[in-house]
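Visitor: I would like to learn how to read an interface between two chains. Could you walk me through one?

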Amino acid sequence: MPADLISEPGFALRGSLAVIAGWLVVGFLGLLRPHSLRFVGRLLFPLGAGAGIVLFFISLATIQAPPQALVLPLGLPDLPFHVRTDALSAFFLLLLGAGAAGISMFAAGYFRPGEGTSPGLLCLQYHVFLASMALVMLADDAYLFMVAWEMMALSSYFLVTSQHRLPEIRRAGFLYLLIAHLGALAILLAFGVLQAGQGDYTFASMRASQPGALWASITFFLAFLGFGAKAGIVPLHVWLPEAHPAAPSPVSAMMSAVMLKTAIYGLLRLTYDLLGVQLWWWGVVALAVGLLTMLYGVLFAAVQTDMKRLLAYSSIENVGSIVTGFGLSLVFHGYGLHLMAALALTAALYHCLNHAFFKSLLFLSTGHVLHATGSRNLGKLGGLIHRMPWLACLTLVGVLGIAALPPLNGFVSEWLLLQAFLFSPGLPNTYLIMLIPLAAAAVVLSAALGAYVMVKFYGVIFLGHPREEKLKDAHDAGPWELAGLAWLALPCLLLGVFPVAAIVALSPAVEVLVPASLAPSLAGSNGWYLTPIAPERASYAPFLFLCVILLAVLLTWLLVKRFYHGRLRRTDAWDCGFPGVSARMQDTAEGFGQPIRQIFEAFFRTERHLPTAFDERPRYYLNVEDRLWHWLYLPVAAAVGRLSAMISVLQRGRIHLYLLYSFATLLLLLVFVR
Amino acid sequence: MSWPDALSALASQALQLVVAAALGPLYLGWVNQWRAWLQNRKAPPLIQPYCNLVKLFHKDAVIASNASPLFRAAPYAVFGCMLLALSIVPVLATDLPFAQAADVIALVGVLALARVFQALAAMDIGTAFGTLGARREMLVSFLAEPALLMVFFTASLISQSTGLTTIVETLAHRAFAIYPSLAFAAVAFVMVLLAENARIPVDNPATHLELTMIHEAMVLEYSARHLALVEWAASLKLMVYTTIGIALFVPWGIAPAGQWLQVPVALAALVAKLALAGFGLALIETVSAKMRVFRVPEYLGTAFLLAVLGMLTLLLLGA
């Protein structure tokens, strides 16, 4: 890209808008031949992926550029759409572009005939979904923001219910739509408070308004509720494990990898950019909610037996980790410790980026497993590493990344977050000094549990013996799918090994939010060592790390090969001499989750039926449920039901009664108007 | 850094890596000897672990027919991780170029990486034992990790650094001070060390009793050179943990950067400390009984509480 083109004012903004328009065009083209898999899959989706790559490069080039704004000749009269890019939206657009490129590439090879909605219609919904997410990140007034936000919710609702003939999928879709709208209402109210009766819905005027502590707090908590519902923080997370398994895999990947991040974007934008004040105790609340979400997500992930539900709960965990970083930054920021706040925010943003890549990689990989085997149930898989070595290899990268193992990307954000926790003794509040290190222990616990979950996920799907006969016919992913997965796996490695370059590149996004960033302290190091504040405090050099491990492995291998013969025999497994090993003897997903279920019994509502010796037809089942359903959702639903029954007394179906109601209402209103 | 300094640092790095890697099995032999003596048994020779390794290296490897490349790669990966961990922990001198590559948090990450590879390899064959061992290993580790991190946090709050060499330099070469917080942390650390290294009371490395084993269950399917690497790596892991303990709680004697004359002193100090640590380990293992697996959460919960107490002591008393 020529440099003068980038520096031209408005280039980034126009480029991003062009990509959005391109996505919409691609989507509508899908309606031309809605049933042609070749046309939609092999032509339109790669085009969409190309647009994603363009968006990725535009955002990468302009993350360092000054903000650009534009008023579009669209919208209502006197209420035009305002759009704007700054480093923060460029960062999230970059995430969207890169994620969309990989996921669309995978989707190009993913479609099979005869599944729910026709491919052409899916193509339209999918690309509208992409375009609306990009618009959310570009919006510079509350009006466009809400329009794009609702477009995003609706298009994703249709994508979730693409197999709408199944009742449980319709139920999942309803739950998703319900919680999405509760969230949207809260966000709308937050904007309403922020514009403070001026009638000017642009973000610029909101930035200028200076609400008092009370109104600022109300706005923050409304926004936290609203964006939290979209991001899936506890207790508003229940739609995630229902909607993700219902949706087609590329859609689950897109929702988890990018859509949850739009909520994080909104939260950051509103809290740090639009609100004039930030109070430290908001951060404490966000931190507590983040930690709870994190632990809750990972505990439930550990006991799942459905691949996609497991990944959905793992998304809840990751969102919890991002919110934890956000909360910590808010605490530091509230006390004026800007550098520490920048450190915690960097950890949160880095985790957004990481999660976009490894979670979409894992969702797509389960999508292929689902297609190749027809089963989502972990109890029916196993041994797939022999049938699909490439997929297994790429998935391993994602698994190691999400398990927060060095030298992959998940570890970098966890490391940064823990470093941020270690700065808590600098806070001027004794209680926080005591409590925040304990929060770090919760972070470590959930990271270690995350590794447990991922060993279970990978081990049960890819390792061991195939648990079903039909798995012997499974085949590896096709070239489009592998290309998409490789596109997503590469950043997992690069972000893990070269974190310094990545953090310096994303530091303008942090500077939008807090008046500090890690870039100056990293500029002093030579680029290999990640030293967030000062080299003597902490340092981490993943590239060196990788080199030393590889060198050690290579050296060991060469030495063993050089000095000892390399003879190898293959035979049956030894298994302590027990004969007749069968695939049914391996641990199932339930077995692997059993210790967690036992140790953290209080979290789960377990229903178990054990067969007795006298049963004619012995049957075993185990059902692990979320307690929150029974503690929160079902009571609320019942209360709504009762309330509706009471109100329905008014509804008698007689015209004169309704006229009476109207008359009474009018009278009442007249009283108020006076 | 000038060339002579860099060379000196590299030499120090190489020396301590070789010393630690070679001492690992010897240390294990020493622990085993003391265990035998304390239990009124006739002890195996001190070099028994080396003999085992040599024997294993000379055998033909036999692996299960459905083993994937992951299974064969895992021992190398685990061994490589342990070598990296050993090159980060200051054993003889704090003059370590590789130590910059990772602080204590990353060190926990390296150990976790090795563990995950081991657990995945255990699930690869698809036997009941392998998956059982993998599950239990991951169980013990996720309970142990928060306690371990709290211990490290306590030490790093004292020295304002998470780099191990900086922690050692702060604790060993400052004016002598007693930190009550570190006493709590040390107890917690020893408990975690026992759990993570498959020692009694959490695991018994000497049995093949299906119901009790953790580490052994994971490596049952390995043979010959693969088993040798796994066993060697296990002894190195014990060495890594012990030397971390030495670095955090009794760091005196470790040579500061560039002082080659102090290295022999450091070596002598190291051997003496390891000898004491080995005796202590054998003593603990002899006087305690193996727990049920579901008692392990209580045990590690205690370790975590002690570590938290240590940290709170530090924050409250400033020492």
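Guide: Let us go through the contact between the chains step by step, keeping in mind that this is a predicted model.

Visitor: Where do I start: how many residues does each chain bring to the contact?

Guide: Begin with the two sides. Chain A brings 74 residues to the contact, and chain B brings 78.

Visitor: And what area is buried between chain B and chain A?

Guide: About 6800 Å² is buried between them, with 73% of that area coming from carbon and sulfur atoms.

Visitor: How many salt bridges are there between chain B and chain A?

Guide: A salt bridge here needs a side-chain nitrogen of Lys or Arg within 4 Å of a carboxyl oxygen of Asp or Glu. The count between chain B and chain A is two. One of the salt bridges links A:Arg567 with B:Asp60, at 3.1 Å from N to O. Polar contacts are counted as well: 25 residue pairs across the interface, with both residues at pLDDT 80 or more.

Visitor: Which helix of chain B gives the most to the side that touches chain A?

Guide: That is helix 5, with 17 residues. Among the other elements that each supply at least two residues are strand 1 (61-64), helix 3 (69-88) and helix 9 (224-249) of chain B. By class, this side of chain B has 51 nonpolar, 18 polar and nine charged residues.

Visitor: Do strands meet too, and if so, which strand of chain A is joined to strand 1 of chain B?

Guide: Strand 3 of chain A, residues 568-571, runs parallel to strand 1 of chain B, and four bridges join them. Within this pairing, B:Val62 has A:Arg569 opposite.

Technical notes. Residues numbered from 1 in each chain as written. Chains lettered and ligands numbered in written order. Predicted model: local features only at pLDDT ≥ 70, side-chain atom pairs only at ≥ 80, totals over all residues. Heavy atoms only, no water. Contact = heavy atoms within 4.5 Å. Buried area = accessible area lost by both parts, 1.4 Å probe. Polar contact = N/O pair within 3.5 Å; in protein donor to acceptor, adjacent residues only side chain to side chain. Nonpolar A, V, L, I, M, F, W, Y, C, P; charged D, E, K, R; others polar. Pairing = 2+ DSSP bridges.
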